[in-house]
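Visitor: I would like a close look at one helix and its surroundings. Could you take me through that part slowly, beginning with the chain as a whole?

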Amino acid sequence: MLATLNPAKLRNEHLTRPALVYVRQSTLMQVRDNTASTTRQYQLAKRAQDLGWSEPLVVVIDQDQGRSGASSIGRDGFEYLIAEVGLGRAGAVLCLEASRLHGKELYSIVF
């Protein structure tokens, strides 16, 4: 379940930068019908706190609900996420799937 989770690798430099929780379902139908998945994604904010992030440093990005991942156009949350990661301002990204988001300075937690 937690293939890339290794809390021993968490360093203070991770915990002092925001933990970004990316919540998204591709279609409005999924948002409406798959409420368990949405709930599970929102619970990742609590998981970040359990791993050591303070509540003010846990940022939930959920404005892309019901938007396809086929393109980044119109996905402001994804663009914000990528910008924060690219600028080195993210300590971690928590999401159900993040196959394209990996980097040495980023602690990625994929569920």
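Guide: In this predicted model, contacts between residues 24 or more positions apart make up 64% of the contacts in the protein with a separation of 6 or more. The protein has five helices and four strands, and from the N terminus on these elements follow one another in the order α-β-α-α-α-β-α-β-β. Of its 111 residues, 35% count as buried.

The helix to look at is H5, which spans residues 76-86 and in which Gly 77, Leu 81 and Glu 84 are buried. These residues lie on the same side of H5, because they cover an arc of only 70° around the axis. The cover over the buried residues of H5 includes three strands, namely S1, S2 (58-61) and S3.

If you follow the cover to S3 (residues 92-95), you find a strand with both of its faces covered, since Ala 92 and Leu 94 on one side are buried, as are Val 93 and Cys 95 on the other. That arrangement agrees with a general pattern: in a regular strand, side chains alternate between the two faces of the sheet. S3 is also paired with S1 (residues 19-22), in the parallel sense and over three bridges, and within this pair Leu 20 stands opposite Val 93.

Coming back to the helix, consider Glu 84 again, which counts as buried because its relative accessible area is 10%, under the limit of 20%. Its side chain is nevertheless engaged with a charged partner, as Glu 84 forms a salt bridge with Arg 89, in which the closest N and O atoms are 2.7 Å apart. Arg 89, by contrast, is partly exposed, with a relative accessible area of 42%. This salt bridge is one of four that the structure holds. Just after H5, the chain passes through Gly 88, which takes a positive phi of about 75°.

A word on confidence belongs here as well. The mean pLDDT of the protein is 80, and 77% of its residues reach 70 or more. Among the elements, S2, one of the strands that cover H5, has the highest mean pLDDT (97), whereas strand S4 (residues 107-110) has the lowest (52). Over residues 100-105 the pLDDT is below 50, although this stretch has twelve contacts in the model beyond near neighbours in sequence. Where pLDDT is low, the predicted coordinates should not be read in detail.

Definitions and conventions. Residues are numbered from 1 along each chain as its sequence is written. Side-chain values use heavy atoms; hydrogens and water are left out. Buried means under 20% relative accessible area, exposed over 50%, partly exposed in between (1.4 Å probe, protein chains only). Helices (H or I, at least four residues) and strands (E, at least two) are DSSP runs, numbered from the N terminus. Two strands pair if DSSP finds at least two bridges between them. Contact means heavy atoms within 4.5 Å. The arc is that of the directions from the helix axis to the C-beta atoms. pLDDT is the predictor's confidence in each residue, from 0 to 100.
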